[in-house]
Amino acid sequence: MRIHLDLDLCLGYGNCVIEAPEYFELDDDSGKAIVLIENPAETDRSVVEAAVRSCPAVALRLED
Ligand code: SF4
């Protein structure tokens, strides 16, 4: 699976960082999310799915 982040949609709410800090952080300059690990381990699927669902801007998508 692969995390897809649409930076045009990201508004920097940071929910993804709270849900899955090992996968996301906020860029100090742009204030937008950075994906730290694009290809999560299958064992982390539920954590990553929670982060994707938590995004109010629908900027995150999980591709299989
Ligand atoms: S939750 Fe969505 S809008 Fe907020 S920083 Fe993460 S990707 Fe961006």
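Valine 58 lies in the loop that runs between α2 (45–54) and β4 (60–63). The model described here is a predicted one, and this loop is a convenient place to enter it. The phi angle of valine 58 is near 50°, a positive value in a residue that is not glycine. The residue counts as exposed because its relative accessibility is 61%, and exposed means over 50%.

Beyond this loop comes strand β4, where leucine 60 is placed. With a relative accessibility of 7%, leucine 60 counts as buried, whereas valine 58 counts as exposed. Leucine 60 and glutamate 49 are separated by 11 residues in sequence, and their C-alpha atoms are 9.5 Å apart in space.

Attention now turns to the charged side chains. Over the whole structure, a search finds 6 salt bridges. Arginine 2 takes part in one of them with glutamate 38, where the closest N and O atoms are 3.5 Å apart. Glutamate 38 belongs to the loop between β3 (33–35) and α2, while arginine 2 belongs to strand β1 (residues 2–5), so this salt bridge ties together parts of the chain that are 36 residues apart in sequence. Glutamate 38 is partly exposed, its relative accessible area being 39%. Arginine 2 also counts as partly exposed, at 30% relative accessibility.

Arginine 2 has a further partner in glutamate 63, and their side chains meet in a salt bridge with an N to O distance of 3.1 Å. This pair, too, links distant parts of the chain, with glutamate 63 in strand β4 and arginine 2 in strand β1, 61 residues apart. Glutamate 63 has a relative accessible area of 25% and is therefore partly exposed, as the value falls between the 20% and 50% limits. These contacts belong to a wider arrangement: Arg2, Glu38, Arg61 and Glu63 are linked in a network of salt bridges.

Another salt bridge joins the side chains of arginine 45 and glutamate 42, with 2.6 Å from N to O. Arginine 45 counts as partly exposed, at a relative accessibility of 21%.

The search for enclosed space gives a short list. Rolling a probe the size of a water molecule over the atoms shows where empty space is left. In the whole structure, 1 cavity of 30 Å³ or more is found. The largest cavity holds about 90 Å³ of space. Its lining consists of 15 residues, and those lying nearest the centre are Cys10, Tyr13, Gly14, Cys16 and Cys55. Sorted by class, the lining of the largest cavity comprises 12 nonpolar and 3 polar residues, with no charged ones.

The largest cavity is also where the ligand sits. Around the ligand there are 13 residues, of which Cys10, Tyr13, Gly14, Cys16 and Cys55 come nearest. The residues that come nearest the ligand are thus the ones listed nearest the centre of the cavity. By class, the shell around the ligand is made up of 10 nonpolar and 3 polar residues, and no charged residue is present in this shell. The charged residues of the network, Arg2, Glu38, Arg61 and Glu63, are linked to one another by salt bridges, while the lining of the largest cavity has no charged residues.

Notes: Residues numbered from 1 in each chain as written. Predicted model: local features only at pLDDT ≥ 70, side-chain atom pairs only at ≥ 80, totals over all residues. Heavy atoms only, no water. Helix = DSSP H or I, 4+ residues; strand = E, 2+ residues; numbered from the N terminus. Buried < 20%, exposed > 50% of the residue type's maximum accessible area, 1.4 Å probe, protein only. Near = heavy atom within 4 Å. 1 Å grid on protein atoms, 1.4 Å probe; cavity = no way out; pocket = protein on both sides within 12 Å on 5 of 7 lines; lining within 4 Å. Sits in = over half its atoms within 2 Å of the grid points. Nonpolar A, V, L, I, M, F, W, Y, C, P; charged D, E, K, R; others polar. Salt bridge = Lys/Arg side-chain N within 4 Å of Asp/Glu carboxyl O. Points joined across faces, edges and corners; volume = space filled by probe spheres on them.
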